[in-house]
Amino acid sequence: MHAPVGGDAGRSVGQRVPALVTALADARDLPDGSGRLAALERVAERADAAGDARSALDARFALIEAYLLHGERWRIVEPVRRCRAAADRWPTLLGDAETVLLTRYQRYAVEALLGTPRVGLDQTRLLLADLAERVGTDGLDGPTVAELRCRIADHLGDEPTARHFYRQWAGTRGGPAGRCPGCAPARRAELLAGWGEWQEARAELEAYDTDAPACTDQPERALVAGMLPRLRLGEPEEAAAAHVRAYRRHRRERAAFGHLATHLRFCALGGHLERGLAILTEQLPRLDRPTDDLAAMEFAAAGALVCGLADETGLGERRVRRPAYGERPATELDVSTLGALLLGLATDLAGSFDARNGTGHQSGRIAAWLAERPAAAAVPLPGGGDVADEEDDADPGPDRESERGSEQELMALTADLITATLDRRGDRYLVDDDGTVVGRWGAAVIQFRRAGERGEVLHTRAMADRRLPTTRRSEAYAFCNAWNHDRLLPKAYAHDLDSEIVLAGDAATDLAHGVAPAQLRVLVDAAIATGVAYAEAVAALP
């Protein structure tokens, strides 16, 4: 783990090669994509050869950030290893903030094992052992290591070991490198549900840590974690309400792809096969570009379960459209054929995991899913359960047609309209005396306000939690220039505030002719998604 990354060539750790500094700036200015990744890799390799440790580290930090942005977490393992080796060789290379960031990256690299079989098991164990040695059992991130060991043991099918580390993790809060503390109860409930501990899973969700920071994934993640336990405990109405509310959000969020398997399993085991087929049809295109292999395997397995049960009830001849992707043409498949394809995909992926792991646990888990049968009689779903007609409004009722019409009706932009949109999303916020709506989403504080002579302009401003010292002004400007070069929203800028630089972004939309609530939801969703992405990119800066 502590091998050197390259020759010193007589150069001190702080000495930079001007040509490499320029090359790194040029690589960061490239548009997102394979070209930018290749350029960053070349800079890192040239810096290794030249003995410019600082440029090599900066290039690999940027490379890690790019891989995370593209959903390719498994690719960060080697850059993280090289950064860690460089930091060990030159202890003064990293500042305090960079040390914390590298520890977080190391946790990401360990977690990559769970999402794909393309990461080696021995390699991950070395990274985890190294992380455990660094943070210590009694350190702030001791619970983070316990969680990682628990989840890896569970993934391998070693339940006794997983339970051992679960006891060390339960009731704790991770340190700076840990995952979101607001989602910890949901993560623990998911493990307990996987072990068939339905009562304990529900109790974990009910014992929510009220002191945990607000999380933008909540309450929907907790609702999903509790769906199957509630169904198994004879509470189908509560499970149905949780599914409908959570799916309104998860149906459109790319990062929520991993939750879709649970939604499909609820439909299969709760007796809602028509809805399950509708969700499968709607979400099938996302299987072509999944967030990771584990999510693809689970989605395919849950989809195969829905298709299999639908076939048993006489729905096997129903047609499902599978859109074109790459060289594959668009086709229409009957439910039976689609189920067979999904089963094959899930089985192949489970086999790949098991071949890497040296166990048969993932294949056995998928087989157990496919053997499940409805746990309760179907109950009416809130809003009728029609996916095609379902909107994001929080409380559908009998006047749905008139409500749907009002959703498309133009009206003047007001603060109440903005807060109603956030209420539908389930977000938390405050309203200032001047009518500005302020909320926190992850690492971003986002403001919504009415601008213009008549308040007809929706102005959104996202501010990153992380601030830079004024000595890094040129880096802040370079970051903003690169962001504005690659993306439309938000418009990024750096603002001097005493001894710190605030990195913020904004967007303005002229709504002089009015805005429909459905349109405003799209604008708010986009502002939050891009604002959070911007703040996360700032947090990932070296």
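Which residues of the largest nonpolar core touch the most other members? Keep in mind as you look that this is a predicted model. The core has 53 residues, and F266, F299, L338 and L342 are the ones that touch the most other members. Seven helices are worth colouring here, since each supplies at least two residues of this core: helix 11 (220-232), helix 12 (236-250), helix 13 (260-269), helix 14 (273-283), helix 15 (293-312), helix 16 (335-357) and helix 17 (361-371). The largest share comes from helix 15, with 14 residues.

To get a feel for the packing, try centring your view on L342. Leaving aside residues up to four places away in sequence, L342 touches L280, L284, L287, A300, G303, A304 and C307. Apart from this core lies another one, of 47 residues, which includes Y105, L113, L114 and A540.

Y105 leads us nicely to the aromatic rings. The structure holds nine aromatic pairs. One of them joins F61 and Y105: the ring centres are 5.6 Å apart and the planes stand at 75 degrees, so the pair is edge-to-face. The two partners come from distant parts of the chain, with F61 in helix 3 (residues 53-69) and Y105 in helix 5 (residues 96-115), 44 residues apart. Are these two rings buried or exposed? F61 has a relative accessibility of 0% and so counts as buried, and Y105 is buried as well, with a relative accessible area of 1%. Together with Y108, F61 and Y105 form one aromatic cluster.

Rings also meet charged side chains in this model. R265 lies over the face of W369, at 4.0 Å from the ring centre. A second example is R487, which lies over the face of W483, at 3.9 Å from the ring centre.

What about charges meeting charges? The structure holds 42 salt bridges, and a good place to start is back in helix 5. There, the side chains of R107 and E111 meet in a salt bridge with an N to O distance of 3.0 Å. Both residues lie in helix 5, four residues apart, or about one turn of the helix. R107 is buried, and E111 is too. The pair also belongs to a wider arrangement: R73, R107, E111, E147, R151, R179 and R187 are linked in a network of salt bridges.

Other salt bridges reach further along the sequence. The side chains of R118 and D293 meet at 3.3 Å, N to O. R118 sits in the loop between helix 5 and helix 6 (121-135), while D293 is in helix 15, so this salt bridge ties together parts that are 175 residues apart in sequence. D293 counts as buried, at 15% relative accessibility.

A further salt bridge joins the side chains of R473 and D496, at 3.0 Å from N to O. Because R473 lies in helix 20 (residues 473-486) and D496 in strand 7 (residues 491-497), the pair ties together parts that are 23 residues apart in sequence. Here R473 is partly exposed, with a relative accessible area of 30%, and D496 is partly exposed at 33%.

Finally, a word on the cysteines. How many disulfides does the model contain? The count comes to zero. Among the cysteines you may want to inspect, C83 is buried, with a relative accessible area of 1%, and C480 is buried at 4%.

Terms used: Residues are numbered from 1 along each chain as its sequence is written. This is a predicted model: local features need pLDDT of at least 70, side-chain atom pairs count only at pLDDT 80 or more; totals for chains, interfaces and linings use all residues. Side-chain values use heavy atoms; hydrogens and water are left out. A nonpolar core is a set of buried Ala, Val, Leu, Ile, Met, Phe, Trp, Tyr and Cys residues joined through side-chain atoms within 4.5 Å. Buried means under 20% relative accessible area, exposed over 50%, partly exposed in between (1.4 Å probe, protein chains only). Contact means heavy atoms within 4.5 Å. Rings of Phe, Tyr and Trp (its six-membered ring) pair if their centres lie within 6.5 Å; planes under 30 degrees apart count as stacked, over 60 as edge-to-face and the rest as tilted. A charge sits over a ring if NZ of Lys or CZ of Arg is within 6 Å of the ring centre and within 35 degrees of the ring normal. A disulfide is a pair of cysteine sulfur atoms within 2.5 Å. A salt bridge is a side-chain nitrogen of Lys or Arg within 4 Å of a carboxyl oxygen of Asp or Glu.
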